[in-house]
Structures are given as C-alpha cells and as structure tokens.
Amino acid sequence: MEHTRFGEHPGVWHDARLEAQERIMALQFGTMEKRLERIEAMILGLEKRLWMTVYGVVAVILTQAVQGILEYAPKGV
C-alpha cells in the first residue's frame, strides 16, 4: 500500500475534500433558499400593494362617475 509523506492513504484527503465540498454546497443552498424565501415575501407584499392601488384607482373612477350622474340627474320633484 502506498503512503503519502504524512503517513495517510491518498484517498483519505480526497474523501475529506469531497465531504467538505458537500457541506459547503449544503450551506450555499440553504442560504440561497433563505434568500429566495425573502424575495418571495417581498413579491407578495408588492402584489398586495399593487392590488390596493388598482382598487383605489377603480374606486376614484367609480366615485367620479357617480358624481357625474348625480349632477345631470333631475333635481327633486
């Protein structure tokens, strides 16, 4: 069996390196998942604000339409 100058098998370093890479990748994916969750939450908040704006604009338009109708409606009999 061939040994390195440190007295260990060559495959041990390779295995340790692979294990370290797997742990790093797991941390990176965990971090990315958290970021994506924050982005999704921000998008949902923006979507709610957008719908509130749409409803507000529709309410203003309807209010103006009703006021216009009331102006041209015949006054009391």
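**Surface contacts along helix α1**

W51 is partly exposed, its relative accessible area being 44%. This value, like those that follow, comes from a predicted model. The figure for W51 falls between the limits of 20% and 50% that bound the partly exposed class, and therefore the residue is assigned neither to the buried nor to the exposed group. Y55, with a relative accessible area of 52%, is exposed, because the threshold for that class is over 50%.

W51 and Y55 are both located in helix α1, which spans residues 10–72. Their separation of 4 residues corresponds to about one turn of the helix. With respect to aromatic contacts, the count comes to 1 aromatic pair. This pair is formed by W51 and Y55, with 5.9 Å from centre to centre and an angle of 35° between the planes. The arrangement is classed as tilted, since stacked planes would be under 30 degrees apart and edge-to-face planes over 60.

Both aromatic residues also contribute to a nonpolar surface patch of about 730 Å². Besides W51 and Y55, the patch comprises L50, M52, V54, V58 and L62. M52 likewise has its place in helix α1. With a relative accessible area of 58%, M52 is exposed.

A charged contact is found elsewhere in the helix. The count of salt bridges comes to 1, and the side chains involved are those of R23 and E19, which meet at 3.5 Å, N to O. The contact qualifies because the N-to-O limit is 4 Å. Side chains of opposite charge can pair when their charged atoms come close. R23 and E19 lie 4 residues apart in helix α1, so about one helical turn separates them. E19 counts as partly exposed, at 45% relative accessibility.

At the level of the whole protein, the secondary structure consists of 1 helix and 0 strands. Of the 77 residues in the protein, 0% are buried. The accessible surface amounts to about 7700 Å². Carbon and sulfur atoms account for 67% of that surface.

Conventions: Residues are numbered from 1 along each chain as its sequence is written. This is a predicted model: local features need pLDDT of at least 70, side-chain atom pairs count only at pLDDT 80 or more; totals for chains, interfaces and linings use all residues. Side-chain values use heavy atoms; hydrogens and water are left out. Rings of Phe, Tyr and Trp (its six-membered ring) pair if their centres lie within 6.5 Å; planes under 30 degrees apart count as stacked, over 60 as edge-to-face and the rest as tilted. Helices (H or I, at least four residues) and strands (E, at least two) are DSSP runs, numbered from the N terminus. Buried means under 20% relative accessible area, exposed over 50%, partly exposed in between (1.4 Å probe, protein chains only). Patches are made of residues with over 30% relative accessible area and no salt bridge: like charges are joined within 9 Å, nonpolar side chains (Val, Leu, Ile, Met, Phe, Trp, Tyr) within 5 Å. Accessible areas come from the Shrake-Rupley method with a 1.4 Å probe; for residues, only the protein chains shown count as cover.
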